[in-house]
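Me: I have a structure to go through at the bench. Let us take it in short questions and short answers.

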Amino acid sequence: MVVLVLPVFFGCTGNASTVKSDDDVEKRVESLLSEMTLDEKIGQMSQVDPGVFGGLENLKKVVRNGQLGSVLNLIGAKEVNELQRVAIEESRLGIPLIIGRDVIHGYRTIFPIPLGMAASWNEDLVRESAAIAAKEAASMGINWTFAPMIDVSRDPRWGRIAESAGEDPLLNSMVARAMVQGYQGDDLSDPLTIAACAKHFVGYGAAEGGRDYNTTVISDLQLHNVYLPPFKEAVKAGAATVMTAFNEINGIPASGHKHNIRDILKNEYGFDGFVVSDWASIQEMISHGFARDLKHAGELGLAAGIDMEMASRSYNDYLKELLDEGKVDMEWVDDAVARILRIKFRLGLFDNPYVDESLADSLLVNVEHLKVARKLAEESVVLLKNENQVLPLKKGTKVALIGPMANQPYEQLGTWIFDGDENDSQTVLEAFNAFNGDNNVFFAEGLEYSRDKSTKGFAEVERAIAQSEVVVAVVGEEAILSGEAKSLAELDFVGAQGELLKLAASKGKPVVMIVMSGRPAGLFKTQHLAKSILYAWHPGTMAGPALANLVFGETVPVGKLPVTFPKGEGQVPIYYAHKMTGRPADASTWTHIDEIPVQAVQHSLGNTSHTLDYGFTPLYPFGYGLSYTSFEYSDINISAKSLSIGESLKVSATITNTGDVEGAETVQLYTRDLVGSYTRPVRELKDYQRVTLSPGESKEVVFELNSDQLGFYFPDGEFVVEPGDFHVWIAPNAAEGLRAEFELQ
Ligand code: BGC
């Protein structure tokens with residue numbers, strides 16, 4: 001029997017504070033709309049970059065004529081006020097501009113890249129970081145950030161994996177919620193909150209071959225169960241705007257996808273904010289081979305439901321003509337403008353259009369912001385390996401600090417840091433000197449930058465190692481190697497970093513590897529060279545203090561991987577929530593390529609789903625991360641062996657700290673639906689909780705699991721909870737854990 005459950009309706013009420021004034025806002029929108037000329041309406045639907053548009057003076061002209069709704073990348077509170085004054089005081093209707101900017105992981109205070117933030121699994125901290133980013137950005141006149149990026153990403157070759165929360169829909173949904181709430185706060189009209197933009201709608205992370213902007217082929221089953229849920233969550237959290245993506249999906253560009261934008265996002269999810277295109281993504285439908293020319297692209301963009309066009313000018317140049325010819329509806333234009341005005345009203349821009357130019361002084365990179373940046377950087381670091389408990393080091397240990405990322409104030413910030421300043425950065429070298437005493441730190445980079453292939457600095461590295469007890473090698477990739485259009489075909493460390501690590505390991509002293517990177521990569525051929533590995537992503541402004549605290553045990557690692565680590569690019573895509581297949585991989589049927597007998601008979605080795613060289617397991621599974629202590633999982637308990645639809649049950653387990661120091665563990669809840677009308681993944685993350693335990697202490701961790709969490713979307717988007725047998729795990733990561741069974745009736 002199949003039981004249909006109506007999808008949870010998230011409504012269009014936005015956040016609590018806008019609910020109060022919704023009626024008022026709607027009245028003001030309606031009355032303003034009724035006064036607007038068609039030119040003014042089309043103006044509201046256009047967004048330009050001053051640099052590309054020919055500078056501030058050119059902008060003023062169109063703003064004065066009421067022919068522009070938004071500007072992106074206008075820098076400086078004074079400049080914003082100057083342009084805003086033209087909009088308010090010199091345009092016919094005085095409609096304020098909305099000023100957008102990519103504030104992706106901090107404005108001036110740079111937090112870890114979003115993939116790193118996700119590794120903290122700490123919703124409160126992620127929310128706090130976004131609230132800080134909002135304050136700093138708002139003080140510079142920015143009203144709107146193009147974040148969060150919530151594209152489920154399962155391919156480390158894709159440079160933009162750095163901007164996402166990784167491979168899992170639930171974790172991306174957590175980041176979606178936390179960031180939307182952080183940027184927007186409880187009150188969008190507060191001068192220190194800004195509008196969020198959930199992007200890129202939708203499926204951008206599935207780019208074929210990990211090459212940016214590439215084609216995606218996504219089944220409806222995957223679209224609804226993997227790629228859409230974070231957007232649904234962002235809408236539920238009250239996201240003011242959504243950005244469409246560059247990619248095509250199954251033959252239709254995401255920016256011309258009427259079904260996804262109008263039917264799913266606007267109608268089904270009840271999204272009442274506005275949709276902005278990505279940079280020229282309407283125009284790019286020509287290149288996709290979907291639109292004949294710019295006019296046709298504009299027609300398709302509006303028909304699909306894009307309310308504001310970023311960068312390209314199809315709306316500006318052709319909407320009038322398209323309306324005259326009856327190719328687009330006036331109703332669509334009015335709806336688009338109403339949505340844009342609604343957000344401007346909610347932001348309080350009509351009542352309070354100018355930014356206080358003195359705010360930035362006290363806000364940018366203040367001590368409180370740096371504290372949160374350090375904390376989030378600490379929690380984003382994942383301890384992947386710690387043989388012989390090499391970490392933490394004792395204060396005063398003689399350390400050879402090597403590697404091209406150890407003292408790179410710019411590179412540690414990562415991608416998308418338009419407004420970050422490397423002069424604010426605290427590097428690992430600075431922090432080690434401060435904490436451990438500079439007479440105990442022997443610094444030799446070895447390589448000047450990550451891609452450096454010259455080994456001329458290696459002699460100095462040898463000298464540093466000779467004076468030390470331990471080697472700390474800070475390796476990885478420069479900021480420019482991840483992010484937009486920064487895809488890679490190979491996942492090994494770039495430059496001569498492999499050789500540097502080999503040299504370090506050859507000296508008989510323990511090597512601690514710290515990796516600063518925008519993607520999960522680089523370890524398969526090098527990890528054996530290190531006793532300990534701290535995977536730090538690009539940690540941001542406070543990389544140094546955060547890593548010094550971790551290395552010297554002032555704080556204990558808590559990060560867990562938000563994405564599976566492949567052994568190499570040939571194993572991509574590899575993710576924990578895969579399907580079972582008809583011939584599931586099985587250790588007893590895998591023979592490593594070097595062990596296969598010469599002239600073995602075709603079927604003599606068994607036929608299961610693996611590769612001869614890498615087998616079938618990843619290098620590190622999703623959810624994985626060690627601590628300086630150890631945790632034992634025992635006594636899984638389930639409150640009932642069966643539950644009915646509409647009910648919930650409790651699943652619990654005892655977690656014990658079996659080591660010598662206090663530590664925190666992120667305990668994960670996974671389920672598997674054994675038989676479905678459509679096959680279900682081998683595991684799906686349903687919930688998680690962090691528990692802090694003193695040495696020897698045990699705690700029972702209890703999860704409530706309700707029947708709704710066991711449902712899934714059918715390809716037509718219908719949410720269905722199917723009765724049947726389930727497995728449930730309480731687990732330290734996606735590959736281990738304690739299992740119980742129950743039935744959903
Ligand atoms: C990116 C977006 C970004 C926009 C504006 C585009 O190239 O894909 O994520 O928000 O530029 O800078």
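Me: How far is an oxygen atom of the ligand from an N or O atom in the side chain of aspartate 102?
Reply: This is a predicted model, so the distance is a computed one. The pair joins a ligand oxygen to an N or O atom in the side chain of aspartate 102. A polar contact needs such atoms within 3.5 Å. Here the separation is 2.4 Å.

Me: Which side chain has a polar atom 2.8 Å from an oxygen atom of the ligand?
Reply: Arginine 160 has a side-chain N or O atom 2.7 Å from a ligand oxygen. The distance of 2.8 Å belongs to a polar side-chain atom of glutamate 484.

Me: How much of the ligand does the protein bury?
Reply: Start with the ligand taken alone. It then exposes 310 Å². The share of that area buried by the protein is 93%.

Me: Which residues around the ligand come nearest?
Reply: The ligand has 13 residues around it. Five of them are charged by class, while 7 are nonpolar and 1 is polar. The nearest are Asp102, Arg160, Lys199, His200 and Asp278.

Me: Which strands stand at the edges of the sheet with the order S6-S7-S10?
Reply: This open sheet has 3 strands with parallel pairing. Two of them have a single partner strand each, so one side of each is left without a neighbour in the sheet. The twist averages 25° from one strand to the next. The edge strands are S6 (197–201) and S10 (274–276).

Me: Which residue of S7 stands opposite phenylalanine 201?
Reply: S6 pairs with S7, residues 241–244, in the parallel sense. That pairing runs over 3 bridges. Opposite phenylalanine 201 stands threonine 244.

Me: Which are the edge strands in the sheet of 5 strands?
Reply: Strands of a sheet pair through backbone hydrogen bonds, either parallel or antiparallel. This open sheet has parallel pairing and the order S5-S4-S3-S2-S11. Each edge strand pairs on one side only. They are S5 and S11 (309–310).

Me: Which residue in S11 stands opposite serine 46?
Reply: Strand S2 covers residues 46–48. It pairs with S11 in the parallel sense, over 2 bridges. Opposite serine 46 stands glutamate 309.

Me: Where does proline 148 lie?
Reply: Most residues other than glycine have a negative phi, and most peptide bonds are trans. The bond joining alanine 147 and proline 148 is cis, with omega about 5°. Proline 148 is placed in the loop between strand S5 (144–145) and helix H8 (169–184).

Me: What is omega for the cis peptide bond that joins leucine 391 and proline 392?
Reply: Proline 392 sits in the loop between strand S12 (382–386) and strand S13 (399–402). A cis peptide bond links leucine 391 to this proline. Its omega is about 0°.

Me: What is phi of asparagine 388?
Reply: Asparagine 388 lies in the loop between S12 and S13. Its phi is positive, in a residue other than glycine. The value is near 50°.

Me: What is the radius of gyration of the protein chain?
Reply: The chain has 21 helices and 27 strands. The globule rule gives 27 Å for 745 residues, and the chain's value is close to that, so it is as compact as a globular protein of that length. The radius of gyration is 27 Å.

Me: What does the C-alpha trace span along its principal axes?
Reply: The trace belongs to the protein chain. Its spans are about 75 × 65 × 55 Å.

Technical notes. Residues numbered from 1 in each chain as written. Predicted model: local features only at pLDDT ≥ 70, side-chain atom pairs only at ≥ 80, totals over all residues. Heavy atoms only, no water. Pairing = 2+ DSSP bridges. Helix = DSSP H or I, 4+ residues; strand = E, 2+ residues; numbered from the N terminus. Axes fitted to C-alpha atoms, helices over the stretch in contact; angles between N-to-C directions. Near = heavy atom within 4 Å. Polar contact = N/O pair within 3.5 Å; in protein donor to acceptor, adjacent residues only side chain to side chain. Areas by Shrake-Rupley, 256 points an atom, 1.4 Å probe, with all protein chains shown as cover. Nonpolar A, V, L, I, M, F, W, Y, C, P; charged D, E, K, R; others polar. Rg over C-alpha atoms; globule rule 2.2 N^0.38 Å.
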